[in-house]
Amino acid sequence: MIGKGGEKDMRLLLVVFFISILIIGVTHGEPIPDNVVSTLSKEWLVATGTDSALWKITVKNGTEVVPNLQVDFNVIDQSYGYVNPTSGITDAEGSVTTAFYANTKSGDAVIDTLIKYPYNGETLTQISNFTLKIDHDAP
């Protein structure tokens, strides 16, 4: 039999227990890449077949960088150009760099980044796409 004070203590204990379960369930410790920042070394590329730009992707969870994630780069229409390397692992600053090499076709090259990350024992993929502008002459 629980007295009046013990009953309140038991309710408080149950409330604390359920709040702990909710917190543990929500903060499982695996950051979700919800913020992808793209940085190019050039604003425009020239469709010469030889022009290129360095392209850095920084992966963040909110404002915190996320290291050790695989990032694959996929040029949707390769008549505009290609990337090399086609994949990489984010470094301690959450960044991975590739180079885009323009072909001789002008237009907007769309590139998907496929970011693979662990979540609840599975590997999920977040896809972000970016556009690189290519023209036949410098703008």
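Strands in this tour are DSSP runs, numbered from the N terminus. With that numbering, select Gly62: it sits in the loop between β3 and β4 (64–65). The model is predicted.

**Stop 1: Gly62**

Keep Gly62 selected. Its relative accessible area is 30%, so Gly62 is partly exposed. Now add Pro33. The two C-alpha atoms are separated by 7.9 Å, although Gly62 and Pro33 are 29 residues apart along the chain. Which residues does Gly62 touch, leaving aside its neighbours within four places in sequence? Show Asp34 and Asn35; Gly62 is in contact with both.

**Stop 2: the whole chain**

Zoom out and switch to a cartoon. The protein chain has one helix and ten strands. Follow it along the sequence and the pattern reads α-β-β-β-β-β-β-β-β-β-β. Of its 139 residues, 29% are buried. Turn on the surface. The accessible area is about 8700 Å², and carbon and sulfur atoms account for 57% of it. Contacts reach across the sequence too. Among those between residues at least 6 apart, 57% join residues at least 24 apart.

**Stop 3: colour by confidence**

Colour by pLDDT. The chain has a mean of 86, and 78% of its residues reach 70 or more. Where is confidence lowest, and where is it highest? Select helix α1 (residues 4–26) for the lowest, at a mean of 51. Select strand β7 (residues 87–89) for the highest, at 98. Then pick residues 20–27. Here pLDDT stays under 50, and the model has zero contacts beyond four places in sequence for this stretch.

**Stop 4: the nonpolar core**

Hide the surface and show side chains. The largest nonpolar core has 24 residues. Select Ile57, Val59, Phe73, Phe100, Ile111 and Ile134, the residues with the most contacts inside this core. Next, highlight the strands behind it. At least two core residues come from each of β3 (52–61), β5 (70–75), β8 (95–102), β9 (107–119) and β10 (122–135).

Centre on Phe73. Set aside its neighbours within four places in sequence, and its contacts include Trp55, Ile57, Val83 and Pro85. Add Thr86, Ser87, Val96 and Thr98, which are also among the contacts of Phe73. Asp112 and Thr113 complete the list for Phe73.

**Stop 5: β9, β10 and β2**

Select β9 and β10. These strands run antiparallel and are joined by 13 bridges. Step along the pair to Lys116. Its bridge partner in β10 is Thr125. Move to the turn of this hairpin, where two residues lie between the strands. Click Asn120: it takes a positive phi near 50°.

Now add strand β2 (residues 44–46). Three bridges join β2 to β10, and these two strands run parallel. Pick Val46 and look across to β10, where Asp135 stands opposite.

**Stop 6: salt bridges**

How many salt bridges does a search of the whole structure find? There are four. Three of them are visited here.

Begin with Asp72 and Lys116. Their closest N and O atoms are 3.0 Å apart. Asp72 lies in strand β5 and Lys116 in strand β9, so this salt bridge ties together parts that are 44 residues apart in sequence. Is the Asp72 end buried or exposed? At 17% relative accessibility, Asp72 counts as buried, because buried means under 20%. Lys116 is partly exposed, at 29%.

Go on to Asp77 and Lys105. The closest N and O atoms of this salt bridge are 3.6 Å apart. Both ends sit in loops: Asp77 between β5 and β6 (81–84), Lys105 between β8 and β9. The pair therefore ties together parts that are 28 residues apart in sequence. Asp77 is partly exposed, with a relative accessible area of 32%. Lys105 is partly exposed as well, at 33%.

Finish with Asp108 and Lys133. Their side chains meet in a salt bridge of 3.7 Å, N to O. Asp108 is in strand β9 and Lys133 in strand β10, so the link ties together parts that are 25 residues apart in sequence. Check the exposure of each end. Asp108 is partly exposed, with a relative accessible area of 41%. Lys133 is partly exposed, at 34%.

Technical notes: Residues are numbered from 1 along each chain as its sequence is written. This is a predicted model: local features need pLDDT of at least 70, side-chain atom pairs count only at pLDDT 80 or more; totals for chains, interfaces and linings use all residues. Side-chain values use heavy atoms; hydrogens and water are left out. A nonpolar core is a set of buried Ala, Val, Leu, Ile, Met, Phe, Trp, Tyr and Cys residues joined through side-chain atoms within 4.5 Å. Buried means under 20% relative accessible area, exposed over 50%, partly exposed in between (1.4 Å probe, protein chains only). Helices (H or I, at least four residues) and strands (E, at least two) are DSSP runs, numbered from the N terminus. Contact means heavy atoms within 4.5 Å. pLDDT is the predictor's confidence in each residue, from 0 to 100. Accessible areas come from the Shrake-Rupley method with a 1.4 Å probe; for residues, only the protein chains shown count as cover. Two strands pair if DSSP finds at least two bridges between them.
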